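Here's a quick briefing to read alongside the coordinates. Grab a coffee and have the viewer ready.

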Amino acid sequence: MSLTPFGVLIGFVTLILFRRDLHTVSFLVGLLLNEVMNMVLKYIIQEPRPLRAHIDKVSVPYGMPSSHAQFMWFFSMYILCFVVVRLRYNNSSYKYESYWKVFIVLSSLFLTCIVSYSRVYLLYHTWNQILYGALIGCVFATGWFLITQFILTPLFPMITQWRISEVLMIRDTTLIPNILWFEYTHCRQETRARSRKLVSMKSQ
């Protein structure tokens, strides 16, 4: 469980490399800023971890607030905001979409709770350090989502027109409410069209 944040970061890098979506990039930037904030707060507060034996195993000897809790609660709160605000359009062609939304939110919250509890169980943090980390992560996630939604998102169309964005194939999928369904239907249509074209060429 302690390695979950690293898995999340690896997943983000992979997702960005394959999808090149600006909102995903903004999400990752928020996570990184959240980590920087946590590091600054730890050195300002300088509250030690509950078990001194762990000091040699970690890069930072201070535990307030918990970086794992702050990271994971930022992740879950941002996911919640994204699902509620950005995925607000129901797709009549896919009746199970609302269930998927609930599943995504509950799964992220469950994983976050497990990671948070594991830090107390392993004596890396106290409950206060976990709770403050969770609170800071939730507040910063909400703030960063609002910044992304109302300040950065209107700039995305302009950013995609930059030459560097064209070279890197950076894209903006803001106006597509369900990107998975969009890609699925268009991929299926393109496959059928190419199949018909291939059959037509063979019959000539």
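**Briefing: helices, a greasy patch and two salt bridges**

Leu168 sits in helix 7, a good place to start the tour. Keep in mind that this is a predicted model. The chain's secondary structure comes to 8 helices and 0 strands, so what follows is mostly a walk from helix to helix, by the DSSP-run assignment.

**Overall picture**

- Reading from the N terminus, the elements go α-α-α-α-α-α-α-α.
- The chain has 204 residues, and 37% of them count as buried.
- About 12,800 Å² of the chain is exposed, with carbon and sulfur atoms supplying 71% of that area.
- Take the contacts between residues at least 6 apart in sequence: 71% of them join residues at least 24 apart.

**What the UniProt record says**

- The unreviewed UniProt entry puts the feature "transmembrane region" at residues 71–87, 99–118 and 130–156.
- In the model, residues 71–87 are 94% helix and 0% strand, and the C-alpha atoms at the two ends are 23 Å apart.
- Residues 99–118 come out as 100% helix and 0% strand, with 28 Å between the end C-alpha atoms.

**The nonpolar patch around helix 7**

- Leu155, Met158, Trp162, Ile164, Val167 and Leu168 make up a nonpolar surface patch of about 570 Å².
- Helix 7 is the top contributor to the nonpolar patch, giving 3 residues.
- Is Leu168 buried or exposed, or something in between? Leu168 counts as partly exposed because its relative accessible area is 40%, and partly exposed covers the range between the 20% and 50% cut-offs.

**Ile170, in the loop after helix 7**

- Ile170 belongs to the loop that links helix 7 (163–168) and helix 8 (179–203).
- Which residues does Ile170 contact, leaving aside neighbours within four places in sequence? They are Arg20, Leu22, Thr160 and Ser165.
- Ile159 is 11 residues from Ile170 along the chain, and their C-alpha atoms are separated by 8.5 Å.

**Salt bridges**

- How many salt bridges are there? The count comes to 2.
- One pairs Glu166 with Arg163, and their closest N and O atoms are 3.5 Å apart.
- Both Glu166 and Arg163 lie in helix 7, 3 residues apart, which is about one turn of the helix.
- Glu166 is partly exposed because its relative accessible area is 43%, whereas Arg163 counts as exposed because its relative accessibility is 62%.
- Arg194 and Glu190 form a salt bridge too, with 2.8 Å between the closest N and O atoms.
- Arg194 and Glu190 are both in helix 8, 4 residues apart, again about one turn of the helix.
- With 57% relative accessibility, Arg194 counts as exposed, while Glu190 has 41% and so counts as partly exposed.

**Ser67, in helix 3**

- Ser67 is found in helix 3, which covers residues 67–86.
- Why does Ser67 count as buried? Its relative accessible area is 17%, and buried means under 20%.
- Not counting residues up to four places away in sequence, Ser67 touches Glu35, Asn38, Lys42 and His125.

Note on methods
Residues numbered from 1 in each chain as written. Predicted model: local features only at pLDDT ≥ 70, side-chain atom pairs only at ≥ 80, totals over all residues. Heavy atoms only, no water. Contact = heavy atoms within 4.5 Å. Patch = residues over 30% accessible without salt bridge, like charges linked within 9 Å, V, L, I, M, F, W, Y side chains within 5 Å. Areas by Shrake-Rupley, 256 points an atom, 1.4 Å probe, with all protein chains shown as cover. Salt bridge = Lys/Arg side-chain N within 4 Å of Asp/Glu carboxyl O. Buried < 20%, exposed > 50% of the residue type's maximum accessible area, 1.4 Å probe, protein only. UniProt positions renumbered as here; feature names shortened; annotations may be inferred.
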